[in-house]
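Work through the exercises below with the sequence and the structure open beside you, and try each task before reading its solution.

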Amino acid sequence: GTSGGVDRYEITQRAVTAEVLPGVRTPLWTYGGTFPGPTIEARRGRPVTVEHRNELPVPTVVHLHGGRTPAESDGYPTDLVLPVGWRDVPAGHGGHGMPGMGGMRDPRARTTNLTREYTFPNDQRPALLWYHDHRMDFTAPAIWRGLAGLHIVRDDAEDALGLPSGPRELPIVIADRAFDEDGALAYPALDPDLRERPGVEEPYLAGVLGDVILVNGAPWPVHEVDAARYRLRVLNASNARHYDLEVVLDDGRRLDLVQIGADQGLLAAPVTHASLPIAPAERYDLVVDFADVPVGSLVRVINRLGAGRTRDVLAFRVARKAPDGSRVPEVLSADLPSWDRADAVRVREFSFRAGQVNGGHGWLIGGLPFDPARTDVTVGLGDVEVWRLVADVHHPVHLHLVGFRVLSRSGRPPLPHDAGLKDTVSLRPGEAAEIITRFDGYRGRYLFHCHNAEHEDMGMMANLEVV
Ligand code: C2O
Ligand code: CU
Ligand code: CU
């Protein structure tokens with residue numbers, strides 16, 4: 001609904017069962033009864049208020065990933081929406097991945113309500129954002145159970161480009177999951193390959209993988225398309241799985257992936273890829289042209305990193321010839337920030353490495369596990385900084401509040417898919433990447449963390465105070 005220039009949504013977080021796999025019912029935690037949750041359609045500069053009501057058995061936190069959001073609506077991990085009927089929050093926390101085992105108190109927690117109103121100004125470049133749970137220590141199992149949805153920001157300039165739209169613009173939310181024989185989600189679930197890997201003493205450590213690939217909540221869907229251009233807005237909503245996407249025809253031909261946008265909106269100009277790696281939480285805005293595909297053919301989107309059934313992601317069936325008035329302009333956007341090393345007032349370095357947390361295995365930033373009572377980094381509002389991020393194994397690193405540009409990877413130029421404005425950068429094993437950003441937007445307490453959701457729950461998160 002609309003009132004006084006603000007669009008309002010009401011979302012009830014509730015447990016449902018749904019037929020995800022044919023013939024069995026799967027218990028899910030949902031935003032509004034579906035996985036993914038309802039898509040929030042927003043216009044640039046027009047605020048959206050979302051009232052979340054928590055009818056789940058545990059506290060929750062809602063974060064708009066990629067949103068330029070005032071801190072009080074950013075979903076700090078201890079800023080809880082308590083469940084309806086919740087009487088007491090036990091002190092201390094039960095450890096990651098144990099849904100329902102406990103909550104926690106943070107003296108600075110601002111709200112403990114059964115409902116919570118989040119306001120998103122949408123004062124940012126048009127982009128595919130997503131909202132998901134962000135409760136301290138429990139984010140990974142909450143997302144796994146279904147707490148994720150899309151939030152799309154659009155504006156007139158983007159609408160005027162003539163990109164494929166309407167039924168030819170498709171959100172593609174990719175998430176792997178594992179199920180037991182009854183159809184219930186299995187968490188943690190181990191990929192058989194993972195079990196073999198040395199140093200994995202506990203199932204969560206490398207991140208939880210599933211052997212079923214869901215796209216928009218359905219396993220390996222086949223989508224009927226016209227022989228025309230499509231805009232695919234891809235989100236990797238998996239907890240830990242990386243994909244390297246490739247589009248292939250039965251006759252062995254490959255279709256180009258024309259990248260038009262990154263996490264934080266349109267690129268300056270399109271970039272064509274043969275295949276495209278996507279880490280957890282990353283988004284790619286892609287155009288694929290089915291015009292030359294014979295009617296009746298199946299076009300498969302595969303994951304080159306997968307094996308067996310995790311190699312398949314989804315497929316398109318080209319159903320008919322049809323006119324196509326869409327285009328991919330040479331110039332997509334002219335408003336990308338042009339920060340340069342010379343603008344930076346500071347260079348910081350952070351290591352993302354395994355380490356000990358409370359005597360067990362965990363993941364650390366700069367040698368420390370997440371602590372809501374500690375300020376790790378203080379930046380001045382409006383400051384441009386360069387951050388050097390150093391990884392031991394694969395870590396997709398995400399900053400709240402800001403978009404950034406990738407400057408370098410281990411001293412070399414960024415990769416072709418690093419183009420544009422990002423909010424998550426996929427650090428490869430042993431890599432040191434430099435990013436540059438301006439911390440503008442709002443003052444307050446934000447976060448940066450690894451978006452392998454299990455790594456995040458196991459400590460790989462830090463506080464970022466904008467003053
Ligand atoms: Cu997608 Cu801090 O989150
Ligand atoms: Cu985020
Ligand atoms: Cu990580």
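**Exercise 1. Find into which domains the protein chain is divided, and describe the side of domain 1 that touches domain 2.**

Solution. Begin with the domain assignment, which divides the chain of this predicted model into domain 1 (2-155), domain 2 (166-321) and domain 3 (341-466). Next, look at the contact between domain 1 and domain 2, to which each of the two contributes 25 residues. On the side of domain 1, the elements that give two or more residues are β3 (26-31), β8 (127-133), α1 (139-144) and β9 (148-154). Of these, α1 supplies the largest share, with four residues. Finally, sort the residues of this side by character, which gives 16 nonpolar, six polar and three charged.

**Exercise 2. Work out which strands stand at the edges of the seven-stranded open sheet, and how β14 is joined to β20.**

Solution. First write down the order of the strands, which is β12-β11-β10-β14-β20-β17-β18, with mixed pairing. Because β12 (218-219) and β18 (265-273) each have a single partner strand, they stand at the edges, and one side of each is left without a neighbour in the sheet. Then turn to β14 (residues 229-236) and β20 (residues 283-289), which run antiparallel and are joined by seven bridges. As an example of how residues are matched, R231 has V287 in β20 as its bridge partner.

**Exercise 3. Decide which residues of strand β5 lie on its covered face, and identify the strands that pair with β5.**

Solution. As a starting point, recall that in a regular strand the side chains alternate between the two faces of the sheet. In β5 (residues 48-54), V48, V50, H52 and N54 form the covered face, whereas T49, E51 and R53 form the uncovered one. Now consider the pairing: strand β2 (residues 6-18) runs parallel to β5 and is paired with it over seven bridges, and I11 has H52 in β5 as its bridge partner. Strand β7 (residues 115-120) pairs with β5 in the antiparallel sense over six bridges, and here T49 stands opposite T119.

**Exercise 4. Name the residues with the most contacts inside the largest nonpolar core, and list the contacts of F290.**

Solution. The largest nonpolar core contains 115 residues, and I174 and F290 are those with the most contacts inside it. To list the contacts of F290, first set aside its neighbours within four places in sequence; what remains is V225, A227, A228, Y230, V299, F316 and V318.

Key
Residues are numbered from 1 along each chain as its sequence is written. Chains are lettered from A and ligands numbered from 1 in the order in which they are written. This is a predicted model: local features need pLDDT of at least 70, side-chain atom pairs count only at pLDDT 80 or more; totals for chains, interfaces and linings use all residues. A nonpolar core is a set of buried Ala, Val, Leu, Ile, Met, Phe, Trp, Tyr and Cys residues joined through C-beta atoms within 7 Å. A residue is buried if 20 or more other C-beta atoms lie within 10 Å of its own, exposed if 12 or fewer, and partly exposed in between; C-beta atoms are placed from the backbone. Two residues are in contact if their C-beta atoms, placed from the backbone, lie within 7 Å. Domain bounds come from an automatic or database domain assignment. Ala, Val, Leu, Ile, Met, Phe, Trp, Tyr, Cys and Pro count as nonpolar, Asp, Glu, Lys and Arg as charged, and the others, Gly among them, as polar. Two strands pair if DSSP finds at least two bridges between them.
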